[in-house]
Amino acid sequence: MNTQKIEGVGLGLRHCHFQEFIDDKPKVPWLEVHTENFFSVGCAASKYLDKIRQDYPLSAHSVGLSLGSASVDCSVREQHLQQVKQTIDRLEPVLVSDHLSWSASDSVNYLPDLLPVPYTEEALDVMVQNIDHVQAVLKRQILIENPSSYLSYKDSPISEWAFLNALVERTGCGLLLDVNNIYVSAHNHGFDAEHYLQQIAVEPVQEIHLAGYAVRQVEGQNVLIDTHGHRVYGPVWDLYIKAVERFGAVPTLIEWDVDVPDLAVLMDEKAKADTIMSKISKGKAA
Amino acid sequence: MTKLRELQRQFISDCLSADLTDDNVSIETDVDTQTISAKGQMGIYRESAIGNIIIPMQITYPVIEKLVGREFFRATCRQYIKTYWPKTGNMDDYGQEFAEFLSNFEPVKELPYISDVARLEWLYHESSIADDMEPSDWTSFASLSEDDIEKTEILLHPTVRLFYSLYPVKEIWDINQHEPQANSELDLDTLEGGYILCYRQGIKTVTLTIAEADYTFLFAILNGKTLYQSAELALDIDQGLDIQGIMATYLKNGVLCQFFTQPIPNA
């Protein structure tokens, strides 16, 4: 059993920074890794990580458990879950997470993306069943991350925040709140991001994500896309301030997956989040 | 079938459809289309998924990308993806059929070697992610009886891959490991193909050109021949082959991993 804790602002560990983390041991309290990148025990990435994790607690973030899949044929997802389990048993992360999304259906194909779930009672039952199963196999709690989405279903009567709160109540899972995703989805679907934050139950939130988005024109509309390829934008920082005010100094991650810059840029983003977290914590303590 | 299950089947089908038009989006009636059409919303996911597939292809096939250029590579991947969508969520599994695809891909027919370069890159990728295996204690091998040596079977390290090409793919692969330099062109008319060994040492995956006799020896071992049979096959290729010498070489670099004086379990 891992008794480490993660606190403060961590970074997403990417291949191009492995050597720096081994040689220079930059001052970062914890790191997040994509579980799927370390399925192979023998690969160079896993060997680097074995060294790095001696100095840094980990959060393991999955993208492929397809928790919103209603398919009956679960063999692909079951195989994926077993690989996640083996990797987690090896890496002993403090936190384990995946998304409110799906990737695989009954067909033989797997879409490597976080596809949107309609927020219905049926989908809630499916997610609850799948989360229960994953937690039983992994023998631990997982966190569920709110997604960015670019598509609205007509039949989606439950709000996203109510859906997440219901998942917590029915499965005992925790939440990973991606503040950038809230901003992106609020823009794309026209809801109030601050209202969203206020509706999320406080206690289950155990990790926060921050990242940059891109703007794409689709049929004359500006659509925000969660690319993880840019610095965190101003309005997302503003929303993060509100999040820390509500949820406290929850461990926060700077995510950057596309065109990953020098570590100094990530450290600069981390410093901004550190400042917000510490100002609000001091304000609350005063 | 439940409503959600059917919706997800149609969603995937729409995403994979190459000729998606405004008229044939099957989840049209399920999507709120007040600001953007169902086709437009589906297109965002389609493009995102394709982008998420191209990234691991770039990681697995960097030499192919260099040879054909970034944009051509992306366009080629898009064609490949139409036929070969991922089957699992582990993207390490994805891309195995790319060499075969390239061998029938009309736009690269002027590059007859490209399929073999892709084959080498896939083997390199497989070697990079293969499991480790602890070697036997080979000190006891020296004290084996003649009878035991004759029966001995060997397991190569799980990262070992063997490859033969008519084309000088090792030279093409080597020259594309670095930024282009002056005089770094290859004369493909004079260079010949050859035998290639790929394996991992520590965290580094290595590719080596090896002699035909070495290839024959290792290939025979890989295919379950005894040490004695493998040596005989190699000696057929090169009667002067120093079997003890090549065993010492491939023991030192870890290619020969475990030995058994009984048939290998589950072999």
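How are α9(B) and α10(B) oriented to each other, roughly parallel or roughly antiparallel? The legends below look for the answer in a predicted model, beginning with this very pair.

**Figure 1. Two helices of chain B, α9(B) and α10(B), pack against each other.**
Two packed helices are described by the angle between their axes and the distance between the axes. Here the first helix is α9, residues 212-222 of chain B, and its partner is α10, residues 227-237 of chain B. Their axes come within 8 Å and cross at roughly 155 degrees. An angle over 145 degrees counts as roughly antiparallel, so α9(B) and α10(B) are roughly antiparallel to each other. The crossing of α9(B) past α10(B) is right-handed. To find the contact from the α9(B) side, look for Glu212(B), Ala213(B), Thr216(B), Phe217(B), Ala220(B) and Ile221(B). From the α10(B) side come Gln229(B), Ser230(B), Ala231(B), Leu233(B), Ala234(B) and Ile237(B). Sorted by class, the residues of this contact are eight nonpolar, three polar and one charged.

**Figure 2. In chain A, helices α3(A) and α4(A) meet at a slant, with an angle of roughly 40 degrees.**
Helix α3(A) covers residues 75-91, and its axis comes within 10 Å of the axis of α4(A). The crossing angle of roughly 40 degrees makes α3(A) oblique to α4(A). This crossing is right-handed. On α3(A), the residues to pick out are Leu81(A), Lys85(A) and Ile88(A). They meet Val134(A), Val137(A) and Leu138(A) of α4(A). Five of the residues in this contact are nonpolar and one is charged, while none is polar.

**Figure 3. Val128(A) sits in helix α4(A), which runs over residues 121-138.**
Is Val128(A) buried or exposed, or something in between? It has 17 C-beta neighbours inside 10 Å, so Val128(A) counts as partly exposed. Leaving aside residues within four places in sequence, Val128(A) is in contact with Leu167(A), Arg170(A) and Thr171(A). For a sense of scale, find Asp155(A), which is 27 residues from Val128(A) along the chain. The C-alpha atoms of Val128(A) and Asp155(A) are separated by 19 Å.

**Figure 4. Tyr196(A) belongs to helix α7(A), residues 193-199.**
How many C-beta neighbours does Tyr196(A) have inside 10 Å? There are 21, so Tyr196(A) counts as buried; the cut-off for that class is 20 or more. If we set aside residues up to four places away in sequence, Tyr196(A) touches Trp161(A), Ile182(A), Ala186(A) and Phe191(A). Lys47(A) makes a useful second landmark, 149 residues from Tyr196(A) along the chain. Between the C-alpha atoms of Tyr196(A) and Lys47(A) there are 41 Å.

**Figure 5. Chain B meets chain A through a contact with 41 residues from chain B and 43 residues from chain A.**
On the chain B side, the elements that give two or more residues are α1 (3-16), α2 (38-60) and α6 (114-129). Which of them gives the most? That is α1(B), with 10 residues. The residues on this side of chain B divide into 18 nonpolar, 13 polar and 10 charged.

**Figure 6. Chain A holds nine helices and 12 strands.**
Now step back to take in the whole chain. Chain A has 286 residues, and a compact globule with that number would have a radius of gyration near 19 Å; the value for chain A is 18 Å, which agrees. Its C-alpha atoms fill a box of roughly 50 × 45 × 40 Å along the principal axes. Buried residues make up 48% of chain A. Among the contacts in chain A with a separation of 6 or more, 76% join residues 24 or more positions apart.

**Figure 7. Chain B is built with 11 helices and five strands.**
The radius of gyration of chain B is 24 Å, well over the 18 Å that the globule rule gives for 267 residues, so chain B is more spread out than a compact globule. Along the principal axes, the C-alpha trace of chain B spans about 80 × 55 × 30 Å. Of its 267 residues, 35% count as buried. For contacts in chain B with a separation of 6 or more, residues 24 or more positions apart account for 65%.

Conventions:
Residues numbered from 1 in each chain as written. Chains lettered and ligands numbered in written order. Predicted model: local features only at pLDDT ≥ 70, side-chain atom pairs only at ≥ 80, totals over all residues. Contact = placed C-beta atoms within 7 Å. Helix = DSSP H or I, 4+ residues; strand = E, 2+ residues; numbered from the N terminus. Nonpolar A, V, L, I, M, F, W, Y, C, P; charged D, E, K, R; others polar. Rg over C-alpha atoms; globule rule 2.2 N^0.38 Å. Buried ≥ 20, exposed ≤ 12 C-beta atoms within 10 Å, placed from the backbone. Axes fitted to C-alpha atoms, helices over the stretch in contact; angles between N-to-C directions. Parallel < 35°, antiparallel > 145°, perpendicular 65-115°, else oblique. Left-handed = near helix turned anticlockwise from the far one by under 90°.
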